[in-house]
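Q: I am new to this structure and should like to learn how to read its features. Where may we begin?

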Amino acid sequence: MIGWLKQLRIAFGASFIWLVCLIYFTQGFRSFVWTAVSYQLKDRLKLSPSASQFVTSIAFFPWSIKPIYGILSDCIPIKGRKRIPYLVIATLLSLFPWVILGLKETIRNSRDQLMIFLLLQNLGSAMADVVIDAMIAEAARLEKARFAGDLQSVSWMAMAFGGICGSLLGGYALDNFQMENIFLVFAVLPTVQLLSCVFVKESPEYCKPSLKLPTSNGSNGIIGSTSDEDKSLINVHKTNTLRRNKSSKQKKKRKINRSNDQMPEKDGSFLSQLLQSLKMAGYTLFKAFRQPIILRPMAWFFLAQVTMPNLSTVMFYYHTEVLNLEASFLGTTRVIGWISLMVGTFIYNRFLKKMKLRRILMFAHVALSLITLLDIVLVTRLNVSLGVSDKTMMLFGSALSDAINQFKFMPFLILSGHLCPPGIEGTLFALFMSINNLGATISGFLGAGLASVLNISSGSFDNLSFGIAIQVICTFLPVGFLFLIPKEATGISA
């Protein structure tokens, strides 16, 4: 382990590896402060479950537009640099909202103002996620390409470690710290991140808008590629598309090449070149995404999110108000979830990656529906009559649901990586992740609407079991759209 990290330090530099680990650790450690946010909305602002879910969904919207950050950083250098200046901006956006919320009680206790500052904070976190992934993609090119997988592993482990630490310490902090102090303590991490940016060197680029296609990765470090093994997936649908578009692609290639590297510097102003750069990046992204081999699977993953209303905030209210579960225990369930997520990843890679994706996804949704039934057992108190404690039900349900969700998310990551055409892997993958995040945001809105329609509120959970039953039924709906997934697609990655 130490030798492996030493190799990465020699290849990329200690400051770069430190920055990667710090940013991903911070992303995972966000559970520390967002646990406090949940209690702030419930206990201090006295919001209903539906209102709290609405505020949270709005706050996380910046994660649904991640490709914009990648395109901007690719096309608009700041003082000749594309990454570090944007990372500094993102870190400042991540830092100051927590500082202000920690110092200003009036802002912290206002729903609308709190929502705005949480929105800004998520804007900074999402932008930092995109920029650091772009830096990883660029650092692992050419002679360092053999270290690309190692960089992804480092980022994943850092985020998982941050998630475990944040979940464990979040509950402890709520029992021992004031709310404002939790916000200020978390602000230490973005502060260290800001200082760390100073020590990472970035080679200056010629200070004009880049006309090269964006390469920033919008996920947690997954970089798509197309190898000989991957072609078995893409060939299922691409043959006819290639025939139709062969001549037009040749013309477009000549056209893009003329405008890409050979554009006269004297023609047009900086603004016109910038607009042309942004237009070309957006157009190329759109053209790639509209291909059926890409559009159909992404449509399924989007539908798989939006057809299932998210009642997680409602369940959080039920756990704390009816079951009287402590914040420290809820943190423990999140730790179990992180561990189960890693176990699910191992099981998928070890036993399921050669299975057809349609079968894996159908299995995942059937399993999720059965696990959701455990919430009905918990709400109806049937577990008590069977002699099973609430905490046992919570731990068991959290472990299973996070592992099964990983069986669903791993095909999304792998299929997305396979489908990304060479040249725009990063930004197209960022678009894929944004579609997934947008679906989750809409799912949150649907959950808030369902809770409102069923009159589920703080202290009134009579219709919660009915809402969960609707959620169970909706879990089966995406199974009817599995025809959108390529029939022969499997989970074998490059």
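A: Let us begin with one residue: at 46% relative accessibility, Thr-380 counts as partly exposed, because that term covers values between buried (under 20% relative accessible area) and exposed (over 50%), with a 1.4 Å probe and protein chains only. The model is predicted: local features need pLDDT of at least 70, side-chain atom pairs count only at pLDDT 80 or more, and totals for chains, interfaces and linings use all residues. Residues are numbered from 1 along each chain as its sequence is written, and side-chain values use heavy atoms, without hydrogens and water.

Q: Where does Thr-380 lie?

A: Thr-380 is in the loop between α16 (357-379) and α17 (382-385). A polar atom of its side chain lies 2.7 Å from the backbone oxygen of Ile-376, and one lies 3.3 Å from the backbone oxygen of Val-377. The C-alpha atoms of Thr-380 and Leu-464 are separated by 9.2 Å, although the two residues are 84 apart along the chain.

Q: How is empty space found inside a model, and how many cavities of 30 Å³ or more does a search of the whole structure find?

A: Rolling a probe the size of a water molecule over the atoms shows where empty space is left. A cavity is a set of points, on a 1 Å grid over the protein atoms alone, where a 1.4 Å probe fits but cannot get out; lining residues have an atom within 4 Å of a point. The search finds one of 30 Å³ or more, and the largest cavity holds about 80 Å³ of space.

Q: Which helix gives the most to the lining of the largest cavity?

A: That helix is α2, with four residues. The lining includes Ile-23, Arg-30 and Gln-121.

Conventions:
Helix = DSSP H or I, 4+ residues; strand = E, 2+ residues; numbered from the N terminus. Polar contact = N/O pair within 3.5 Å; in protein donor to acceptor, adjacent residues only side chain to side chain. 1 Å grid on protein atoms, 1.4 Å probe; cavity = no way out; pocket = protein on both sides within 12 Å on 5 of 7 lines; lining within 4 Å. Points joined across faces, edges and corners; volume = space filled by probe spheres on them.
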